Amino acid sequence: MSSNIGQNYPYASETEAERAAAVEAILAAHERLADAVAAESTPLDAEERWWTWRCRRKGCGGIVHAAGYARDNRAVYVVCDRCGSTSLR
Ligand SMILES: [Zn+2]
């Protein structure tokens with residue numbers, strides 16, 4: 001599990017199985033999001049647990065889950081389970 005970056009305090013953690021199921025459901029619910037994830041991130045390493053965070057989008061209230069690593073830096077690439085937005089943590 002990677003440590004949090006700066007002020008991005010994690011919301012909770014989840015198992016790899018929970019993370020994979022959450023990301024699969026998010027990608028299934030948001031058209032073309034899988035293409036964006038594939039284009040903008042690289043696959044995650046094998047970890048037993050992952051952090052989750054609150055979505056930063058105002059009024060969303062969703063939880064973001066790790067979907068990969070950002071291609072151009074060491075941040076975790078995350079997707080929101082409510083609005084489908086992507087961001088880095
Ligand atoms: Zn959101």
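This passage walks through the fold of a predicted model, from its overall layout down to single residues.

Start with the big picture. The protein is built from two helices and six strands, and reading along the sequence gives the pattern β-α-α-β-β-β-β-β. So one strand leads, the two helices follow, and the other strands come after them. With 89 residues, a compact globule would be expected to have a radius of gyration near 12 Å, and the protein's value of 12 Å agrees with that. Put another way, the C-alpha atoms fit in a box of roughly 30 × 30 × 25 Å along the principal axes. Buried residues make up 22% of the 89. The chain also brings together parts that are far apart in sequence: counting contacts between residues at least 6 apart, 58% link residues at least 24 apart.

Next come the strands, and strand 4 (residues 63-70) is a good one to follow. Strand 2, which covers residues 41-42, is joined to strand 4 by two bridges, and the two run antiparallel. Here Thr 42 has Tyr 69 of strand 4 as its bridge partner. Strand 3 (residues 49-54) also runs antiparallel to strand 4, this time with three bridges, and Trp 53 is partnered with Val 64 of strand 4. Then there is strand 5 (residues 76-80), which pairs with strand 4 through five bridges, again antiparallel. In that pairing, Gly 68 sits opposite Tyr 77 of strand 5. Getting from strand 4 to strand 5 takes a hairpin of five residues.

Now for helix 1. It has 14 residues and spans 20 Å from first C-alpha to last, close to the 20 Å expected at 1.5 Å a residue. Which residues of helix 1 are buried? They are Arg 19, Ala 22, Val 23 and Ile 26. These four cover an arc of only 95 degrees around the axis, so they lie on the same side of helix 1. On the face turned away from that buried side are the exposed residues Ala 17, Glu 24, Ala 25 and Ala 28. As for what the buried residues pack against, the list takes in strand 1 (12-15), helix 2, strand 3, strand 4 and strand 5.

Some of these pieces meet again in the largest nonpolar core, which has 15 residues. The members that touch the most others are Val 23, Val 64, Ala 66, Ala 67, Val 78 and Val 79. Helix 1, strand 3, strand 4 and strand 5 each provide at least two residues of this core, and strand 5 has the largest share, with five. Ala 66 shows how such a residue is surrounded: setting aside neighbours within four places in sequence, Ala 66 contacts Arg 19, Leu 44, Trp 50, Val 76 and Val 78.

Finally, one residue has an unusual backbone angle. Most residues other than glycine have a negative phi. Arg 32, though not a glycine, has a positive phi of about 75 degrees. This residue belongs to the loop between helix 1 (16-29) and helix 2 (33-40). Is Arg 32 buried or exposed? With 9 other C-beta atoms within 10 Å, Arg 32 counts as exposed.

How values were computed
Residues numbered from 1 in each chain as written. Predicted model: local features only at pLDDT ≥ 70, side-chain atom pairs only at ≥ 80, totals over all residues. Rg over C-alpha atoms; globule rule 2.2 N^0.38 Å. Buried ≥ 20, exposed ≤ 12 C-beta atoms within 10 Å, placed from the backbone. Contact = placed C-beta atoms within 7 Å. Pairing = 2+ DSSP bridges. Expected span 1.5 Å × (residues − 1). Arc of directions from axis to C-beta. Core = buried A, V, L, I, M, F, W, Y, C linked by C-beta atoms within 7 Å.
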